[in-house]
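Good morning, and thank you for coming. Please take a moment with the sequence and the structure before I begin.

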Amino acid sequence: MRVLLIGANGFIGRFVADRLLADPAVQLTALGRGDDADVRFDLATGSPGALTRFLDAVHPGVVINCAGATRGGARDLTRHNTVAVATVCEALRRSGCGARLVQIGCGSEYGPSQPGSSTAEDAVPRPGGPYGVSKLAATELVLGSGLDAVVLRVFSPAGPGTPAGSPLGRLAEAMRRAMQSGDGELKLGGLGVQRDFIDVRDVARAVHAASLSAAQGVINIGSGRAVRLRDAAAVLARVAGYGGALHELDAPPGPLRGAIGHPRGDSEHALPVAYPYPDGCGSWQQADVRTARDRLGWRPRINLEESLADIWMEAACRI
């Protein structure tokens, strides 16, 4: 099976590449903006015609799109998450390769949900921020393209390679700084939110399964269980061997900011404590993952403690 992977050097894309390379039946070609890609191509600025010519030359059976942006203003998010996907869909429509498209979506497309509920694929999306809007627009482009396509809505990916700027990455960094300075108390803000964390290696397994399946439409990829961030912090402290006290501070009113915590010794110069999830999804998000089980034969295997241990191992290397 010839597979074209777009975004192979991103957080999710790296693990998808590893998973596909481990399958002897897969011939993998990586397309991206970096020098390490097999083929350099910028979806946000490249033309559908140029991509069509490449598709006709390589003739993949599956195209997997893991590329996109999670940060930036509305213009950048639209360019990298929506315009880029429009280019992929148009190129596939023009091409004679007949490839199946596996698009990586996100749970932020749904927006806020009722605490205690599980969000299924038939929920009406109401994204609460520009990132979710840009990803939802991409999903609608894929679903309306007429292609053989599936969108995997990934909830909150975690595990090795978690970006340092993500909520769990910032949590690990705050703990690393506290341990490095010998601080016995760590103040953390915004720990009341609950998210459905899913290990990135389980996401890669789902992408592999989707590329081999005939499933179409939208499929949620999550653990099926919401975890409060303060509970994740307690697990991280345990796996890190941090014996200090964790003190949760209330978030002040006003705009969301990036800081998740600071050691007690920095209190005089502390950054504003804020909710660490400015994703427009409110206080709760939990995926209904029955469709992934029924249509892909997929279930999550890696628990959050293992994901957090891997996040901490990478953070600890910076001590």
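**Salt bridges and one helix**

Arg100 has a relative accessibility of 4% and therefore counts as buried, where buried means under 20% relative accessible area, exposed over 50% and partly exposed in between, computed with a 1.4 Å probe on protein chains only. This is a predicted model, in which local features need pLDDT of at least 70, side-chain atom pairs count only at pLDDT 80 or more, and totals for chains, interfaces and linings use all residues. Residues are numbered from 1 along each chain as its sequence is written, and side-chain values use heavy atoms, leaving out hydrogens and water.

What does the side chain of Arg100 meet in a salt bridge? The partner is Asp148, at 2.7 Å from N to O. A salt bridge here is a side-chain nitrogen of Lys or Arg within 4 Å of a carboxyl oxygen of Asp or Glu. Asp148 is partly exposed, at 32%.

A second pair is Arg195 and Asp279, whose side chains meet at 2.9 Å, N to O. Arg195 lies in strand S9 and Asp279 in the loop between strand S14 and helix H8, so the pair ties together parts 84 residues apart in sequence. Helices (H or I, at least four residues) and strands (E, at least two) are DSSP runs, numbered from the N terminus. Both Arg195 and Asp279 are buried.

A third salt bridge joins Asp76 and Arg79, at 3.4 Å, N to O. These residues are three apart in helix H3, which means that about one helical turn separates them.

Finally, I turn to helix H7, residues 229–240. Its buried residues include Leu229, Val235 and Leu236. Just after H7, Gly241 takes a positive phi of about 75°.

Technical notes
The expected span of a helix is 1.5 Å times one less than its number of residues.
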